[in-house]
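Colleague: Please take a close look at one part for me: the main nonpolar core. Then set that part against the rest of the chain.

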Amino acid sequence: MAGEITIIRPQQGFQEKFLSSPADIVIGGGAAGSGKTFSLLLEPLRHKDNPKFAGIIFRRTTPQIRNEGGLWQTSLEMYSAMDATPSETMLLWTFRKGARLKFNHLEYEKNLKDHQGAQYAFIGFDELTHFSKKMFFDLLARNRSMSGVMPYVRATCNPDPDSWVAEFISWWIDQETGFPIPERDGVLRYFMRDGDVIVWGDTKQEVLEKCQHVVKEFEEKGIDPNSLVKSATFVRGSIYDNHQLLQTDPQYLGNLMALDPQLRAQMLEGNWKIAPDGLALFEFKRIADLFTNFAAEGGRRCITVDVARFGRDLAVIKTWEGFRVKRIDIFTKSKTTDITAEIEKRREEFKVSKSDVLVDQDGVGGGVVDEGDYIGFSGGTPAQEDPVSRIKENYANLKTQCAYRMANRVNAGEVSIDQNFFVDGHASDSVKIKGAVIPIIELIKKDLRSFKRAKADQDNKQRINDKASQKNILDGRSPDFGDAIIMREFFELKPQKKFVFVSLGS
């Protein structure tokens, strides 16, 4: 009807809070059905009459942009009433006065090159957990503008405890329960990147005080250090804030309520400590149980070692008694001779035979194997037969076999880890990686969560995700703690020989 007016506005609750935040970076959502996509599309409309405005919203793949109910379809419903012109082929909207908003995929990190030299006053990410940390921070360099709009970023996501996003927003999340902390919802914090380390503070001044060496460097160049500090916040979304959805499709809530308890906690309640994707080898809660279990004392004494020499990777020595880790030694920088010397100390202390020391011999570990005359572990070798059934198990390789077998054992509550940690020879409950101090327990948990089931190979043998996938989950770090845990199963595939002595009499 002529003269009819269409009103598009945010709903009270999550959408209003997300759209009204003054933060440079706002990450919103954390639960299904909260209206995240609608909010992300509504945000750039405030600049539709600015002819110099250019914005972009990323989704990991183009099919995701075009999906039913996705970004493009929803934008057609919203923007068509605003005298805006769509380009189906370019996934681009041009508003009446010249403002532009583009949708773009970013499937691989190499695609970042497509945006070199670009200037976007507004950058949006739909499902931020699908993007790597490098993608996010590299694109901040394109978040600039001559349009009069202060550059800013808005992102949406569902919970994923294995993502870099979970670590980035950890201040807003209760690390015990996994749920957002209500009184911190939408509260601004400030940060600066110092190399690979993100330095946080409650104020800009606090951040600058923590980064004096960086501040001094830029002050000497005549740059105001305040401009180096970004503000960020997390806004929790809930389906209960989306009154329109509850009215038009009340069955959707019922669908979420019908999910299994773990998935419901993630998708409906927004829990950031649960990610039941069906692919994880190690159950989330059973990983946490490792540090409170009571694995029986006694049993085979052995040592498993994952060797590294530099970068984010660590040298990890685990000393076992049965399926109880009695001690973990960690080296941030070391020579193979240092590792061998430490293994010998542990052998003497725990009375471990040389033939019960297992070292990952791929890479620099081969040097430790040669120096100490230990057993070498090569994960790519064929799977072994079960020592009881004498049947060769259907795994792609030895590492996969050990990972599955150890996961079954951990999920049955049969493994425990004593919190007896030593870093570079000193007792410590945390380790410094690229400047960031991280609790060792958290590193172990993350490592085990990085092991995922993968599609069976052409011979229908079971597989796990490759090292590159694991490192992507761990933000570039190898699962050194996890590898040293799963290697323990090698000794069950190669059981100790028992000899029975029979007296023949005189």
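Modeller: The answer below starts with the ground rules, turns to the core, and then works outwards.

This is a predicted model, in which local features need pLDDT of at least 70 and side-chain atom pairs count only at pLDDT 80 or more, while totals for chains, interfaces and linings use all residues. Residues are numbered from 1 along each chain as its sequence is written, and side-chain values use heavy atoms, with hydrogens and water left out.

The chain has 19 helices and 22 strands. These are DSSP runs, numbered from the N terminus: helices are H or I with at least four residues, strands are E with at least two. Of the 506 residues, 51% count as buried. Buried means under 20% relative accessible area, exposed means over 50%, and partly exposed lies in between, with a 1.4 Å probe and protein chains only. The C-alpha atoms fill a box of roughly 115 × 60 × 40 Å along the principal axes.

Now the core. A nonpolar core here is a set of buried Ala, Val, Leu, Ile, Met, Phe, Trp, Tyr and Cys residues joined through side-chain atoms within 4.5 Å. The largest one has 46 residues. Those with the most contacts inside it are Phe282, Ile328, Met406, Ile417, Ile444 and Phe481. Several elements each supply at least two residues, among them strand 12 (315–321), strand 13 (324–331), helix 15 (398–411), helix 16 (440–449) and helix 18 (480–486). Helix 15 gives the largest share, seven residues.

Take Ile417 as a way in. Leaving out residues up to four places away in sequence, Ile417 touches Leu290, Phe291, Val325, Ile328, Ile444 and Ile485. Contact means heavy atoms within 4.5 Å. A separate core of 32 residues lies apart from this one and includes Ile25, Leu112, Phe131 and Met135.

Charged pairs come next. Asp418 and Lys326 meet in a salt bridge at 3.9 Å, N to O. The term needs a side-chain nitrogen of Lys or Arg within 4 Å of a carboxyl oxygen of Asp or Glu. Asp418 sits in the loop between strand 16 (416–417) and strand 17, and Lys326 in strand 13, so the pair ties together parts 92 residues apart in sequence. Both Asp418 and Lys326 are buried. Salt bridges with shared partners also link Arg327, Asp329, Glu342, Lys345, Arg346 and Glu349 into one network. The whole structure holds 33 salt bridges.

Two other pairs give a contrast. Arg59 bridges to Asp126, with the closest N and O atoms 3.3 Å apart. Arg59 lies in strand 2 (residues 54–59) and Asp126 in the loop between strand 6 (122–125) and helix 5 (133–140), so this pair ties together parts 67 residues apart in sequence. Arg59 is buried, and so is Asp126. Lys221 and Glu217 pair at 3.7 Å, N to O. Here Lys221 is exposed at 55% relative accessible area, and Glu217 is partly exposed at 38%.

Asp126 turns up again beside Thr156, in strand 7 (residues 152–157). Thr156 is buried at 0% relative accessibility. Apart from residues up to four places away in sequence, Thr156 touches Phe18, Gly28, Lys36, Leu40, Phe125, Asp126, Glu127 and Leu128.

One helix pair deserves a look. Helix 13 (residues 336–350) and helix 14 (residues 365–372) pack at about 50°, with axes 9 Å apart. Thr336, Thr337, Ile339, Thr340 and Ile343 of helix 13 meet Val368, Glu371 and Gly372 of helix 14.

Some loop residues finish the picture. Asp373, in the loop between helix 14 and strand 15, has a positive phi of about 60° although it is not a glycine. Asp373 is exposed, at 58%. Asp424 also has a positive phi, near 50°, and lies in the loop between strand 17 and strand 18 (426–427). Asp424 is partly exposed, at 33%. Asp386 lies in the loop between strand 15 (375–377) and helix 15. At 15% relative accessibility, Asp386 counts as buried. Asp386 touches Ile391, Glu393 and Arg405, not counting residues up to four places away in sequence. Asp386 and Gly35 are 351 residues apart in sequence and 51 Å apart in space, C-alpha to C-alpha.

Terms used: Axes are lines fitted to C-alpha atoms, for helices over the stretch in contact, and angles run from 0 to 180 degrees between N-to-C directions.
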